[in-house]
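Please read the following walk through one protein chain with the structure open beside the text. The route goes from single contacts between side chains to the chain as a whole.

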Amino acid sequence: MLTDLSSAYRSVRTKIKTNSLRRFFWFSDPNDASSMIEIMVVRCNFGDRPAGRVLDLCNIRISDDPDISQPTSDFLRAGTYVDDGATSSQDREVIEQISRE
């Protein structure tokens, strides 16, 4: 089974301090100071320097969830690299269970 968790980046919210470091200001009209708006990125995005590690920490936290099976927990801990996953099993049911969870 191969996976790509790239959409997971959009679901990881970042904290206020990190968000503040990714703040910028936009002028809809460069000649009108009152047209300035403040924009702050509040979710981890692919390409953010720490994004891979953040996603790895999320996978580890999810793997500790008592409501998921041991094969899924093992997959999240040892079967992924950044946003890609690969695992195999001789048991089709195990692969299907990991896929569902």
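Arginine 23 is a convenient place to enter this predicted model: with a relative accessibility of 33%, arginine 23 counts as partly exposed, since that class lies between the limit for buried residues, under 20%, and the limit for exposed ones, over 50%. Its side chain meets that of glutamate 38 in a salt bridge, with a distance of 2.1 Å from N to O. Because arginine 23 belongs to strand E2 (residues 23-27) and glutamate 38 to strand E3, the pair ties together parts that are 15 residues apart in sequence. The C-alpha atoms of these two residues are separated by 7.1 Å. Glutamate 38 is itself partly exposed, at a relative accessible area of 43%, and, once neighbours within four places in sequence are set aside, glutamate 38 is in contact with Arg23, Phe24 and Phe25.

One position before glutamate 38 in the numbering, strand E3 (residues 36-40) also holds isoleucine 37. Isoleucine 37 counts as partly exposed because its relative accessibility is 45%, and together with Phe24 and Trp26 it makes a nonpolar surface patch of about 320 Å². For a reader who wants to know how far to trust this region, the confidence values help: among the elements of the protein, E3 has the highest mean pLDDT, 90, whereas strand E1 (residues 2-4) has the lowest, 53. Where pLDDT is low, the predicted coordinates should not be read in detail.

The search of the whole structure finds three salt bridges, and another of them joins aspartate 64 to arginine 77, whose closest N and O atoms are 2.6 Å apart. This pair links distant parts of the chain, given that aspartate 64 sits in the loop between helix H2 (51-63) and H3, while arginine 77 is found in helix H3, 13 residues apart. The two partners fall into separate accessibility classes, for aspartate 64 counts as exposed at 51% relative accessibility, whereas arginine 77, at 45%, counts as partly exposed.

A further salt bridge is formed by glutamate 96 and arginine 92, with the closest N and O atoms 2.8 Å apart. Here the partners are four residues apart in helix H4 (residues 92-100), and therefore they are separated by about one helical turn. An α-helix has 3.6 residues a turn, so residues three or four places apart point the same way. Glutamate 96 is partly exposed, its relative accessible area being 34%, while arginine 92 counts as exposed because its relative accessibility is 65%.

Helix H3 deserves a second visit, this time for its buried residues, which are Thr72, Ser73, Phe75 and Leu76. They cover an arc of only 160° around the axis, and therefore lie on the same side of H3. On the other side of H3, Gln70 and Ala78 are exposed. Which residues does serine 73 touch, if those up to four places away in sequence are not counted? Serine 73, which lies within the helix that spans residues 70-78, touches Ser63 and Ile68 on that count. With a relative accessible area of 7%, serine 73 is buried, because that value is under the 20% limit.

These parts can now be placed in the chain as a whole. The protein has four helices and five strands, and from the N terminus on its elements run β-α-β-β-α-α-β-β-α. Of its 101 residues, 25% count as buried, and the accessible surface comes to about 7,700 Å², of which 54% belongs to carbon and sulfur atoms. Among the contacts between residues at least 6 apart in sequence, 51% join residues at least 24 apart. As to confidence overall, the mean pLDDT of the protein is 78, and 79% of its residues reach 70 or more, which is worth holding beside the value of 53 given for strand E1 when particular regions are inspected.

Conventions
Residues are numbered from 1 along each chain as its sequence is written. This is a predicted model: local features need pLDDT of at least 70, side-chain atom pairs count only at pLDDT 80 or more; totals for chains, interfaces and linings use all residues. Side-chain values use heavy atoms; hydrogens and water are left out. Patches are made of residues with over 30% relative accessible area and no salt bridge: like charges are joined within 9 Å, nonpolar side chains (Val, Leu, Ile, Met, Phe, Trp, Tyr) within 5 Å. Accessible areas come from the Shrake-Rupley method with a 1.4 Å probe; for residues, only the protein chains shown count as cover. A salt bridge is a side-chain nitrogen of Lys or Arg within 4 Å of a carboxyl oxygen of Asp or Glu. Helices (H or I, at least four residues) and strands (E, at least two) are DSSP runs, numbered from the N terminus. Buried means under 20% relative accessible area, exposed over 50%, partly exposed in between (1.4 Å probe, protein chains only). pLDDT is the predictor's confidence in each residue, from 0 to 100. Contact means heavy atoms within 4.5 Å. The arc is that of the directions from the helix axis to the C-beta atoms.
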